[in-house]
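I opened the model today to look at how two helices pack and at what surrounds the ligand. My notes follow in the order in which I looked things up.

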Amino acid sequence: MYNYHCLNPIAQIGLDIFNEAYQKTDAVDNADAILVRSAAMHDMEFSTSLKAIARAGAGVNNIPLDKCAEKGIVVFNTPGANANGVKELVIAGMLLASRDVIGGIDWVKEHEADADLAKAAEKAKKAFAGTEIQGKKLGVIGLGAIGVLVANAAVHLGMDVYGYDPYVSVDSAWKLSRNIHHAKTVDEIYKECDYITIHVPALDSTKGMINRDAIQLMKENVVVLNFARDVLVDTGAMVEALEEGKVRRYVTDFPIPEIAGVKGAIVIPHLGASTEESEDNCAVMAAKELRDYLENGNITHSVNYPDCNMGTKEESGHRITILHKNIPNMLGQFTALLAQENMNISQMTNKSRKEYAYVMIDVEAEVTQELEEKLNVIEGVLKVRVIK
Ligand SMILES: NC(=O)C1=CN([C@@H]2O[C@H](COP(=O)(O)OP(=O)(O)OC[C@H]3O[C@@H](n4cnc5c(N)ncnc54)[C@H](O)[C@@H]3O)[C@@H](O)[C@H]2O)C=CC1
Ligand SMILES: O=C(O)CCC(=O)C(=O)O
């Protein structure tokens, strides 16, 4: 029986993936697996029973990835599963920044009791007029799952789209419309574009990317959209730029006190992925990843260990999985121990990713507790599991 704990509400369709071999627990310390959305996990202590964490979403900056790796906890995310939800809200954000729909709706609410509302509206509406996005230049920073969808959708809306991503994956590059200009530097995006939207992960290298210097390079009246993470933008610099009128609108999905209420800021309560479809997609993908890892040891879409797949575990025989440091002679030590026990290896695979590695070994005989313990105490071994 496996126990799983949800740190945030997770769509039921995903939880339904867990069969009778699973039970939901309120006690996080008993959990074999945790499902999480945006809950902050950096200060959490992890029990030895915890084997995996699945982030039902893309961004994993709420999870201490290295600490988990050191404890032999595999962290997964669900790449692309909520990308369409975010794309649609980014398009809405561009439109809200261009047309004062919010101001207009507020005006109607304030005047709802006016018997001559329609006539009054015709007079008042010039205050809420805007511009169109067709023909304007959009810069997309980060051409991953979300950036590609935003860029392609904007082309269909008649925008002139520039994309910047020095690490773009082959998959993303294939999906990108051929009408998108390839910006070779991020400064090109800052200098050229009327709308700039950022879709990169929050990393040490990207934090504060949109700072005073970046804003300085931007066109007057630029619109900046941030549906990625608050820390990517220097909020102080953005507030100043809004106050000076350099930035016309800052649309952000991250409500922090420093920006909420600032004139020109459109602040959304982190709704990018809050659609039925995105929540379902993420929950289903996360639950499938967890099941495959717990039952077969397969790793798909991990963000701290290598992906590794040896198919479904045979009914007969045992599968040994070992999370370990990526250092020399680990495999030699594992196979030597199995040889000492006279065990035949029917299948084996090993993958590494930076400082960490993973080995899966199928054996035909019963793996004793004693052998498991001997494997566990090898220097550099982080977690051993025997799947029976
Ligand atoms: N508002 C919301 O509800 C949501 C926000 N997000 C945020 O959006 C981010 C992006 O999501 P996805 O597109 O799904 O991720 P992704 O991993 O598919 O794409 C990220 C892209 O950023 C690129 N990149 C990395 N560093 C860069 C740099 N310095 N300059 C330019 N490009 C760079 C990568 O090469 C990659 O192509 C997530 O990390 C998350 O923080 C994601 C989903 C929902
Ligand atoms: O789960 C959510 O609503 C947040 C989604 C998100 O920010 C992400 O997937 O990175």
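I began with the helix pair and noted that α3 passes α6 in a right-handed crossing. The model is a predicted one.

I then looked up the geometry of the pair. The axes of α3 and α6 are 9 Å apart, and the two helices pack at an angle of about 45 degrees. That angle makes α3 oblique to α6, because it falls in none of the ranges for roughly parallel, roughly antiparallel or roughly perpendicular.

Next I listed the residues where the helices meet. From α3 I have Ala83, Asn84, Val86, Lys87, Val90 and Ile91, and they meet Ala145, Ile146, Leu149, Val150 and Ala153 of α6. By class I count 9 nonpolar residues, 1 polar and 1 charged in this contact.

I moved on to ligand 1. Which helices each supply at least two residues of the shell around ligand 1? I found α3 (83-98) and α6 (145-156), the pair I had just been looking at. With 3 residues, α6 gives the most to the shell.

I also checked the shell by residue. There are 34 residues around ligand 1, and Gly59, Gly142, Gly144, Pro201 and Gly272 come nearest. Sorted by class, the shell holds 18 nonpolar, 13 polar and 3 charged residues.

Last, I asked which domains the shell draws on, with at least three residues from each. I noted domain 1 (1-81 + 273-305) and domain 2 (83-96 + 132-267).

Technical notes: Residues numbered from 1 in each chain as written. Chains lettered and ligands numbered in written order. Predicted model: local features only at pLDDT ≥ 70, side-chain atom pairs only at ≥ 80, totals over all residues. Near = placed C-beta within 6 Å. Helix = DSSP H or I, 4+ residues; strand = E, 2+ residues; numbered from the N terminus. Nonpolar A, V, L, I, M, F, W, Y, C, P; charged D, E, K, R; others polar. Domains from an automatic or database assignment. Axes fitted to C-alpha atoms, helices over the stretch in contact; angles between N-to-C directions. Parallel < 35°, antiparallel > 145°, perpendicular 65-115°, else oblique. Left-handed = near helix turned anticlockwise from the far one by under 90°. Contact = placed C-beta atoms within 7 Å.
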